[in-house]
Amino acid sequence: MMIIVVLLIIWFLYAEMKMIQFSRMKPTEEADYLILLGAKVNGSKPSLALQYRIDKAAAYLGENKRTIAVCSGGKGDGENISEAAAMKQGLMNLGISESRIIIEDKSRNTEENMKFSSRLLSKDMKKGVVATNDYHLFRSMKLAADNGLTVSGLPAKTPGIILIQAHLRECLSIAKYYIMKAG
């Protein structure tokens with residue numbers, strides 16, 4: 001039993017180390033595309049976690065005028081609109097032109113975000129950025145690479161109220177990612 005506890009502690013330390021390492025990334029400048037990953041929408045209003053992602057993506061897009069955005073996220077329980085639609089509206093509210101925004105509104109998880117978003121990119125789009133909350137970048141970038149995408153990370157902060165829950169859940173999601181890759 002003690003060995004299992006020690007292995008779990010080691011796993012959580014590894015996963016936390018990777019989350020912290022990737023949360024300090026600096027995104028590539030002048031990327032061809034930015035994939036903005038969805039999160040909870042409360043009715044039609046972005047959750048705080050999603051708003052942080054939108055704000056960070058809008059700042060990047062404001063500085064990198066040729067980068068297009070792919071808003072990626074479907075409609076979940078309790079959501080009146082898709083996460084992609086909420087992100088598009090949020091970006092437009094922050095001054096990003098609708099002509100620079102592509103919608104991917106079928107995905108239900110990060111793996112699907114990457115798979116479906118990659119299909120919307122033209123072949124000449126080589127350099128990308130993934131925008132998500134800091135704790136989520138490590139696995140998101142792994143999934144992007146699995147789908148043939150060359151991306152850097154754009155970390156948005158994680159709301160303090162969900163910090164512990166988000167990190168614990170992500171540790172489990174990282175474990176699931178590796179188990180699925182091995183199987």
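Which residue in β5 is the bridge partner of Ala69? I looked this up in a predicted model, and the partner is Ile101.

**Entry 1: strand β4**

I started with β4, which covers residues 68–72. I checked how well it is covered and found that five of its five residues are buried. I then sorted them by face: Ile68, Val70 and Ser72 lie on one side, and Ala69 and Cys71 lie on the other. Both faces are covered.

Next I looked up the neighbours of β4. Strand β5 (residues 101–104) pairs with β4 in the parallel sense over four bridges. Strand β1 (residues 33–37) also runs parallel to β4, and five bridges join these two. Ala69 turned up again here, as the bridge partner of Leu34. I also followed the chain from β4 through helix α3 (residues 83–93) to β5, and noted a right-handed β-α-β unit.

**Entry 2: the sheet**

I wrote down the strand order of the open sheet as β5-β4-β1-β6-β7, five strands with parallel pairing. β5 and β7 (150–156) are the edge strands, each pairing on one side only. From one strand to the next, the twist averages 25°.

On to β6 (residues 127–133): four bridges pair this strand with β1, again in the parallel sense. Within β6, Leu34 has Val129 as its bridge partner.

I then looked for helices on the sheet. α4 packs there and touches β1, β4, β5 and β6; its direction makes about 150° with that of β1. α5 packs on the sheet as well, touching β1, β6 and β7, and its direction makes about 160° with that of β7.

**Entry 3: Ser117**

I picked one residue of α4 (residues 110–118), namely Ser117. Is Ser117 buried or exposed? Its relative accessible area is 0%, and buried means under 20%, so I entered Ser117 as buried.

Leaving aside residues up to four places away in sequence, I found that Ser117 touches Ile35, Val70, Ser72, Glu104 and Glu112. With Ser72 there is a polar contact between the two side chains, at 3.1 Å. I also noted Leu37, which is 80 residues from Ser117 in sequence and 9.8 Å away in space, C-alpha to C-alpha.

**Entry 4: helix α6**

Last, I checked the length of α6 (residues 163–182). Its 20 residues, at 1.5 Å a residue, should span 28 Å. The end C-alpha atoms are 29 Å apart, so the span agrees with what is expected.

I listed buried residues of α6, among them Ala166, His167, Glu170 and Tyr177. The buried residues of this helix pack against α1 (2–23) and α5 (137–146).

Methods:
Residues numbered from 1 in each chain as written. Predicted model: local features only at pLDDT ≥ 70, side-chain atom pairs only at ≥ 80, totals over all residues. Heavy atoms only, no water. Buried < 20%, exposed > 50% of the residue type's maximum accessible area, 1.4 Å probe, protein only. Pairing = 2+ DSSP bridges. Right-handed = clockwise from strand over helix to strand, strands pointing away. Expected span 1.5 Å × (residues − 1). Contact = heavy atoms within 4.5 Å. Polar contact = N/O pair within 3.5 Å; in protein donor to acceptor, adjacent residues only side chain to side chain. Axes fitted to C-alpha atoms, helices over the stretch in contact; angles between N-to-C directions.
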